[in-house]
Amino acid sequence: MSQRSALNAQRSSRQNKKTILLTGCAGFIGSNLLDKLLSERHTVIGVDDFNDYYSPSQKRANIAQHLNNKNFKLIETDINNLTIEQFNNETIDAIIHLAARAGVRASIQQPLLYEKVNVGGTLKMLELTKDLKAKHFIFGSSSSVYGNDTSVPFKENAPCDQPISPYAATKRAAELLCCTYHKLYKIPVTILRFFTVYGPRNRPDMAAFKFMDSIAKGKPIETYGVGTSRDYTFVNDIVNGIMASLNLSKPKFNIINLGNSSPVLLREFIAAIESTVGKKAILRSKPLPPSDVNATYADITGAITLLRWKPKINLETGLQQLWEWYALQNFK
Ligand SMILES: NC(=O)c1ccc[n+]([C@@H]2O[C@H](COP(=O)([O-])OP(=O)(O)OC[C@H]3O[C@@H](n4cnc5c(N)ncnc54)[C@H](O)[C@@H]3O)[C@@H](O)[C@H]2O)c1
């Protein structure tokens, strides 16, 4: 390589490095994304409040290996307390907003908290996007916005006006605020609707973790709604979808499903975990809570066209990776 082309290659690789403000950086999806961003040598300002919705020490362990990375700075605070001064005139290329209260059933117990974090917190992040003149706002939304009245496979242009849990309603409200800020301030916005994510560092309140944990320990598992199905999506696929959004050359306003597009019935899901763990589940059947949808199933035409994204990891491989991570932990 000539000296000039080496210099050009160096310059272009530097130009592709971004400064990202990532909220929820210590959580399940956030910490997996943080690994990827730092491995690609982007600079990340991570925000997390390490709340006790689930074990804060699990969240701390998720990001422990990055605390001495010079490209990573952690701001430990509630997103609602962030101020522009904390960013010292930093040029932020993109804000990836994943911090949220994320439990569908838990949102019924604490609807006001869910509203404060998921709606108020997103509004706060949109204000910061405007004030910091960040060039792209990427929002982690959810398939739950489709409710029970959307026909499958879910398409992004469905009305999504009948959410059945406070969580889903807060996510939809936050999406609408994203739309408003795009219209008012021309902020480029990409809304990603994630479909039941699973994998290493899984949130412990989610079925993949709970079932695996109980089967491994020989404890009974409560199953809600035998006929339900979910479009389980492996966390690395989700991370790749977020990275593809970050690399969009001219983002405007897009809503994009990130799902496996291959729904699995609850009993098939349990059978797959039984086969990964090598043990039979003890089942206790319960009625489906009113907050839980019957089915999720992503139409991913948008992701394929706009992001050139397709999920790569099938359920068997993904569960094996979750199991390998699980086996290294010390879950009591
Ligand atoms: N996991 C899924 O299947 C799934 C599906 C659809 C959408 N989502 C969305 O993806 C995002 C990440 O979900 P996750 O599964 O990684 O959840 P998670 O709970 O593991 O991660 C969220 C992180 O945000 C932090 N956080 C919460 N409230 C905060 C606040 N007020 N200030 C600062 N930090 C705060 C938490 O401490 C946590 O580390 C969420 O927005 C969630 O709604 C997740």
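Let's start with a pair of helices: α7 and α9 are oblique to each other, because their axes cross at an angle that is neither roughly parallel, roughly antiparallel nor roughly perpendicular. The model you are looking at is a predicted one. In it, α7 covers residues 207-217 and α9 covers residues 266-277, and their axes come within 10 Å and cross at roughly 50 degrees. The crossing of α7 past α9 is right-handed. On the α7 side, F211, M212, I215 and A216 make the contact, while α9 brings I270, I273, E274 and V277 to it. Sorted by class, that contact holds seven nonpolar residues, one charged residue and no polar ones.

Helix α9 also has a partner in α11, which spans residues 315-328. Here, too, the axes come within 10 Å, crossing at roughly 50 degrees, and α9 and α11 are therefore oblique to each other. Once again the handedness is right-handed, with α9 passing α11 that way. Where they touch, α9 offers A272, I273, T276 and V277, and α11 answers with L315, E316, L319, Q320 and W323. That group splits into six nonpolar, two polar and one charged. I273 and V277 of α9 turn up in the contact with α7 and again in the contact with α11.

Here are the two pairs side by side:

| Helix pair | Axes come within | Crossing angle |
|---|---|---|
| α7 (207-217) and α9 (266-277) | 10 Å | roughly 50 degrees |
| α9 and α11 (315-328) | 10 Å | roughly 50 degrees |

Now for the ligand. There are 28 residues around it, and G24, G27, F28, A100 and V197 come nearest. Which elements each supply at least two residues of the shell? They are α2 (28-39), β2 (43-48), α5 (111-132) and β5 (137-142), so to speak a mix of helices and strands. Of these, α2 gives the most, with three residues. By class, the shell around the ligand is made of 13 nonpolar, nine polar and six charged residues.

Finally, step back to the whole chain. The protein chain has 11 helices and 13 strands. Its C-alpha atoms fill a box of roughly 65 × 45 × 35 Å, taken along the principal axes. How does the radius of gyration of the protein chain sit with that of a compact globule, and what is its value? A compact globule with 332 residues would come out near 20 Å, and the protein chain has 20 Å, so the two agree.

Note on methods
Residues are numbered from 1 along each chain as its sequence is written. This is a predicted model: local features need pLDDT of at least 70, side-chain atom pairs count only at pLDDT 80 or more; totals for chains, interfaces and linings use all residues. Axes are lines fitted to C-alpha atoms, for helices over the stretch in contact, and angles run from 0 to 180 degrees between N-to-C directions. Helices (H or I, at least four residues) and strands (E, at least two) are DSSP runs, numbered from the N terminus. Angles under 35 degrees count as roughly parallel, over 145 as roughly antiparallel, 65 to 115 as roughly perpendicular and the rest as oblique. A crossing is left-handed if the near helix is turned anticlockwise from the far one by less than a right angle, and right-handed if clockwise. Two residues are in contact if their C-beta atoms, placed from the backbone, lie within 7 Å. Ala, Val, Leu, Ile, Met, Phe, Trp, Tyr, Cys and Pro count as nonpolar, Asp, Glu, Lys and Arg as charged, and the others, Gly among them, as polar. A residue is near a molecule or strand if its C-beta atom, placed from the backbone, lies within 6 Å of it. The radius of gyration is taken over C-alpha atoms; the globule rule is 2.2 Å times the number of residues to the power 0.38.
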